Amino acid sequence: MWTWFYKLASPPYVYGVAAAFAPWLLGVAAIALCYGLVAGLAIAPLDYQQGDAFRMIYVHVPSALLSLTVYTVMAAASAVALIWRIKVGHAVAAASAPIGASFTLAALVTGSLWGRPMWGTYWAWDPRLTSELILLFLYVGVMSLRSAFEDPARGDRAAALLAIVGVVNVPIVHFSVVWWNSLHQGATVVRLGAPRMPGSMLWPLLVMWLGFMFFYGAVLCTRLQGELLNRERQAAWVREAIKS
Amino acid sequence: MKVSAREAFMLIVHRELCLSFRRPEQLLQPLVFFLIVTTLFPLGLSLQLSLLRDISPGVLWTAALLSSLLSLDSLFKSDADDGTLEQLSLSGQGLTLIVVAKTCAHWLVTGAALVIASPIVATALGIPVAAFATMMLSLALGTVTLSWLGAIGAGLTIGLRRGNVLLSLIVLPLATPLLIFGAAATERAISGSSAAGALYFLASLCVFTCTLAPLAATAALRITLE
């Protein structure tokens, strides 16, 4: 167990793992996304209230879930990097931040496009929407803090600390629909007990979510390779890795 | 000569207070800014008192948030620039103690002053006198929390040349729960209903940051000072 953990602290090893995993993750993501899109957009039955517009769920919910997952991954990697002084953790956090920000932006955009026909407005100052917007600001803050320092090592640690402090927002976004009486619909999928959704609608959503997860993994592996190459550009293994 | 932690705390607070009272313009600037922002709103919107009363909690809290953000820059920066902070951190007292003392002093000269000045602004915005107690209590809890969040942000942005914009980008997202519950408490008090729920939430945020933010701010300083 511990040797495996120590290995994850070594940039060349992680670079190799990322390079090996990326194509497989991307393959699984492509299959899952293709199935999910076809099943969700064409095969799943119409919603009795929302009609065809409900199909936005197949992009909106996975993006929103991923925006939180990626933030959690980023904060966990930052914590690992700060506590055990593992540089790879900073690379994972730095590679994750733009991906997470993109998912957050995607969730906001698809949400407002969905809100227009359903609520009659693109935007409402509703707790869940607002806290998702704050999540986007947090991502932007972490990214700009990292790049603001001239010394990259210092920027890494400052951004890591901010990412950990910002974790308080994750449960706020997740539970805002439960705590406040909001315009946004309540939890339908991720809740204790049976999901409030028929299987023919639910399955494509779960597959889309899996597809998004694998897509995140694939992009993370690719970006992580770039980050590691850039951070370790003085090291001997980088020269070998580029040559081969 | 070894100084006990308690004495060191009092000494640092005393020093900070002395420094701010010797340069009163630094003390007054956030307050003047608070007054100006709250006067701009009625001028820009309309002079109807009923409309003003509806938006006054939001205006009051936004102005308070912005004006305390303005003063955060001075929390660690001047001491870090002339090396005082490094000397303090080498003094044998824990860095956390120094951070706590400096933040407490900072709250006394900015947050407490803001709370004391708030009735003037509230009168100008048409907030009834009956709501003053709740409003001031909510502002007191809120400014303490804000000083702590600001200490984290200020610690992280010490060495940066254009740290000001970044500081607001870091602190404002974290401060939004404060704005929401603070404005809600003030609004309830104006309409005459019980503000207890929002006040409890503010108090819990205050306790939460008082316990954990010193650690985070110390870690931030350790990263940026070195």
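**Exercise 1. In which hand, left or right, does α4(A) pass α5(A)?**

Solution. Keep in mind as you go that this is a predicted model.

Step 1. Find the two helices in chain A: α4 covers residues 87-119, and α5 covers residues 127-148.

Step 2. Look at how their axes meet. They come within 9 Å and cross at roughly 155 degrees. Angles over 145 degrees count as roughly antiparallel, so α4(A) is roughly antiparallel to α5(A).

Step 3. Now the hand: α4(A) passes α5(A) in a left-handed crossing.

Step 4. See who does the touching. On the α4(A) side the contact includes Ala94(A), Ala97(A), Pro98(A) and Gly100(A). On the α5(A) side, Leu129(A), Glu132(A), Tyr139(A) and Arg146(A) are among the residues involved. Sorted by kind, the residues of this contact come out as 15 nonpolar, three polar and two charged.

**Exercise 2. Work out how α5(A) packs against the helix α6(A).**

Solution. Two numbers give you the basic picture: two packed helices are described by the angle between their axes and the distance between the axes.

Step 1. Helix α6 of chain A spans residues 152-165. Its axis and that of α5(A) come within 7 Å, and they cross at roughly 160 degrees.

Step 2. Turn the angle into a word. That crossing makes α5(A) roughly antiparallel to α6(A).

Step 3. Check the hand. Here α5(A) passes α6(A) in a right-handed crossing.

Step 4. Pick out the residues. From α5(A) come Gly141(A), Val142(A), Leu145(A), Arg146(A), Ser147(A) and Ala148(A). They meet Gly155(A), Asp156(A), Ala158(A), Ala159(A), Leu162(A) and Ala163(A) in α6(A). The tally is seven nonpolar, three polar and two charged.

**Exercise 3. Which residue in the loop between α3 and α4 of chain A has a positive phi?**

Solution. Start with what you'd expect: most residues other than glycine have a negative phi.

Step 1. Go to Arg85(A), which sits in the loop between α3 (57-84) and α4 of chain A.

Step 2. Look at its backbone. Arg85(A) isn't a glycine, yet its phi is positive, at about 50 degrees.

Step 3. Decide on its surroundings. Arg85(A) has 11 C-beta neighbours inside 10 Å, so it counts as exposed.

**Exercise 4. Sketch the overall build of chain B.**

Solution.

Step 1. Count the elements: chain B has eight helices and zero strands.

Step 2. Compare its radius of gyration with a compact globule. For 226 residues such a globule would be near 17 Å, and chain B has 18 Å, which agrees.

Step 3. Picture a box. Along the principal axes, the C-alpha atoms of chain B fill roughly 60 × 30 × 30 Å.

Step 4. Look inside. Of the 226 residues, 44% count as buried. Take the contacts between residues at least 6 apart in sequence: 80% of them join residues at least 24 apart.

**Exercise 5. Is His14(B) buried or exposed?**

Solution.

Step 1. Place His14(B) in helix α1 (residues 5-22) of chain B.

Step 2. Count its neighbours. There are 12 C-beta neighbours inside 10 Å, and 12 or fewer means exposed, so His14(B) counts as exposed.

Step 3. Try a jump along the chain. Ala101(B) is 87 residues away from His14(B) in sequence, and their C-alpha atoms are separated by 9.4 Å.

**Exercise 6. Follow the contact from chain B across to chain A.**

Solution.

Step 1. Size up the contact: chain B gives 13 residues and chain A gives 15.

Step 2. Name the elements. On the chain B side, α6 (132-156), α7 (163-191) and α8 (196-225) each give two or more residues. That side divides into eleven nonpolar, two polar and no charged residues.

Step 3. Zoom in on one helix pair. The axes of α6(A) and α8(B) come within 9 Å and cross at roughly 170 degrees, so these helices are roughly antiparallel to each other. Arg154(A) and Leu161(A) are among the residues α6(A) brings, while α8(B) offers residues including Ala216(B) and Ile223(B). The residues of this pair split into seven nonpolar, one polar and two charged.

Step 4. Finish with Ile152(B), found in helix α6 of chain B. With 28 C-beta neighbours inside 10 Å, Ile152(B) counts as buried. Leaving aside neighbours within four places in sequence, its contacts include Val165(A) as well as Ala213(B) and Ala220(B).

Methods
Residues are numbered from 1 along each chain as its sequence is written. Chains are lettered from A and ligands numbered from 1 in the order in which they are written. This is a predicted model: local features need pLDDT of at least 70, side-chain atom pairs count only at pLDDT 80 or more; totals for chains, interfaces and linings use all residues. Axes are lines fitted to C-alpha atoms, for helices over the stretch in contact, and angles run from 0 to 180 degrees between N-to-C directions. Helices (H or I, at least four residues) and strands (E, at least two) are DSSP runs, numbered from the N terminus. Angles under 35 degrees count as roughly parallel, over 145 as roughly antiparallel, 65 to 115 as roughly perpendicular and the rest as oblique. A crossing is left-handed if the near helix is turned anticlockwise from the far one by less than a right angle, and right-handed if clockwise. Two residues are in contact if their C-beta atoms, placed from the backbone, lie within 7 Å. Ala, Val, Leu, Ile, Met, Phe, Trp, Tyr, Cys and Pro count as nonpolar, Asp, Glu, Lys and Arg as charged, and the others, Gly among them, as polar. The radius of gyration is taken over C-alpha atoms; the globule rule is 2.2 Å times the number of residues to the power 0.38. A residue is buried if 20 or more other C-beta atoms lie within 10 Å of its own, exposed if 12 or fewer, and partly exposed in between; C-beta atoms are placed from the backbone.
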